[in-house]
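Thanks for making time this morning. I would like to walk through one structure with you, starting from its helices and ending with a few individual residues.

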Amino acid sequence: MDYKNLGSTGLKISPLCLGCMTYGVPERGNHPWTMGEAESRPLIKKALDMGINFFDTANAYSDGTSEEIVGRALRDFVLRDEIVLATKVYFPMRNRPNIGGLSRKAIFANIDASLKRLGTDYVDLYQIHRWDYETPIEETMEALHDVVKAGKALHIGASSMYAWQFAKALHVADRNGWTRFVTMQNYVNLLYREEEREMLPLCRDEGIGVIPWSPMARGRLTRDWDASSAREESDEFGKTLYAKTADADRQVVERVAEIALERGVPRAQIALAWVLQKPGISAPIIGASKPQHLDDAVAALSLKLTAEEVQRLEEPYVPHDVVGFA
């Protein structure tokens, strides 16, 4: 595994990040397709054995049980200073005032709760999961700055917002001498490329590390167009991301299948290789519910698409409505 810097920071990360939304108690929260602790631990261990040192979770995943499962596994399998651990804040854990969002009160309470569930004194990257329209960005950025100064997070990042919002947050931090965001976790794959218009150029210009989620479009790029999965049937958020009647999207999926057949590799490797070759991408966030998912992800690191293959994959794409910010 060749390691790289995360954006303009000194953090050394694997070029793949293991997304841990897959791991959590299925009966908790709104992810009934998640895997319990006994099933999750071997996959986390395999990722570590393959050289992946970057792990991303969130307080709201499976009602906090993702953080608990991931935290216990990492404490058992690896030394804390050998990994880069990221979590997120925004979505409420309970339907009560002040529990969610990005107010100073919510951030201070949630970082402590996340650290307790993870079983660590600090996270390497603390990310805002969405933009909070009900809290001034100045309040949020100062609170995050104080979290860093308290030693509870080394760096801060953002996720899934408009480019103008991200630019405003960076400006507010710079103007006040506060800690600025060093990463953007956004939605980038062959079926959704709207981030190429403004967000990705902004991140390259500002030296921001990009760690895209759902690089294989929740598996849609890895199977036939009309095929489905257990997760797809129960993933309510995922249903808001794709228009399965779109002819252009179908063509993209078919192009992935064609090139995978020509190369003699699984479709997942082609879809992920495309994301890995995008300028400015630090580490796509991959999900793994089977050992083969990790094998394909690591194999994609050495698969280089030709310019002609990239052109074939991108050619059918048409503009999409902006999604993924909810």
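Before I place any residue, a word on naming: helices here are DSSP runs of H or I with at least four residues, and they are numbered from the N terminus. Please also keep in mind throughout that this is a predicted model.

With that convention, valine 252 is found in helix 8, and this is where I would like to begin. Is valine 252 buried or exposed? Its relative accessibility is 0%, and because buried means under 20%, valine 252 counts as buried. Leaving aside neighbours within four places in sequence, valine 252 is in contact with Leu190, Leu191 and Leu221, and also with Leu313, Pro316 and Tyr317. For a sense of scale, the C-alpha atoms of valine 252 and phenylalanine 166 are separated by 29 Å, the two residues being 86 apart along the chain.

Staying with helix 8, which covers residues 247-263, let me turn to how it packs against helix 9, residues 267-276. The axes of these two helices are 8 Å apart, and the packing angle is about 110 degrees. Since angles from 65 to 115 degrees count as roughly perpendicular, helix 8 is roughly perpendicular to helix 9. The crossing in which helix 8 passes helix 9 is right-handed. On the helix 8 side the contact is made by Val256, Ala257, Ile259, Ala260 and Arg263, and these meet Arg267, Ile270 and Ala271 of helix 9. By class, the residues of this contact are six nonpolar and two charged, with no polar residue among them.

How many of the ten residues of helix 9 are buried? Eight of them are, so helix 9 is largely enclosed by the rest of the structure. The buried residues run through Ala268, Gln269, Ile270, Ala271, Leu272, Ala273, Trp274 and Val275. Their cover includes helix 8, as we have just seen, together with strand 10 (285-286), helix 10 and helix 11 (307-314).

Helix 9 also leads us into the nonpolar core. The largest such core has 82 residues, and those with the most contacts inside it are Leu18, Tyr23, Phe55, Met141, Phe166 and Phe181. Which helix gives the most to this core? It is helix 9, with seven residues. A second core, separate from this one, has twelve residues, and Leu11, Ile13, Ala86 and Ala283 are included in it. Returning to phenylalanine 181, its contacts beyond four places in sequence include Met141 and Phe166, along with Ile128, Leu144, Ile156 and Ile208.

I mentioned helix 10 as part of the cover of helix 9, and helix 10 (residues 291-300) has a partner of its own in helix 1 (residues 37-49), their axes coming within 10 Å and crossing at roughly 20 degrees. Because angles under 35 degrees count as roughly parallel, helix 1 is roughly parallel to helix 10. Here, too, the crossing is right-handed. Leu43, Lys46 and Ala47 of helix 1 meet Pro291, Leu294 and Asp295 of helix 10, and the residues of that contact divide into four nonpolar and two charged, again with no polar residue.

Now to the loops, and to a backbone matter in particular. Most residues other than glycine have a negative phi. Serine 160, in the loop between strand 7 (153-159) and helix 5 (163-176), has a positive phi near 50 degrees, and at 2% relative accessibility serine 160 counts as buried. Alanine 217 likewise has a positive phi, of about 55 degrees, although it is not a glycine. Alanine 217 is found in the loop between strand 9 (209-210) and helix 7 (230-234), and it is buried, with a relative accessible area of 0%.

A third loop residue is serine 62, between strand 4 (54-56) and helix 2 (65-77). Serine 62 counts as buried at 0% relative accessibility, and, not counting residues up to four places away in sequence, it touches Gly24, Val25, Arg28, Gly29, His31 and Thr34.

Last, alanine 163 lies in helix 5 and is buried, with a relative accessible area of 12%. Beyond residues up to four places away in sequence, alanine 163 touches Glu198, Met199 and Leu202, while its C-alpha atom and that of glutamate 258 are separated by 34 Å.

Methods. Residues are numbered from 1 along each chain as its sequence is written. This is a predicted model: local features need pLDDT of at least 70, side-chain atom pairs count only at pLDDT 80 or more; totals for chains, interfaces and linings use all residues. Side-chain values use heavy atoms; hydrogens and water are left out. Axes are lines fitted to C-alpha atoms, for helices over the stretch in contact, and angles run from 0 to 180 degrees between N-to-C directions. Angles under 35 degrees count as roughly parallel, over 145 as roughly antiparallel, 65 to 115 as roughly perpendicular and the rest as oblique. A crossing is left-handed if the near helix is turned anticlockwise from the far one by less than a right angle, and right-handed if clockwise. Contact means heavy atoms within 4.5 Å. Ala, Val, Leu, Ile, Met, Phe, Trp, Tyr, Cys and Pro count as nonpolar, Asp, Glu, Lys and Arg as charged, and the others, Gly among them, as polar. Buried means under 20% relative accessible area, exposed over 50%, partly exposed in between (1.4 Å probe, protein chains only). A nonpolar core is a set of buried Ala, Val, Leu, Ile, Met, Phe, Trp, Tyr and Cys residues joined through side-chain atoms within 4.5 Å.
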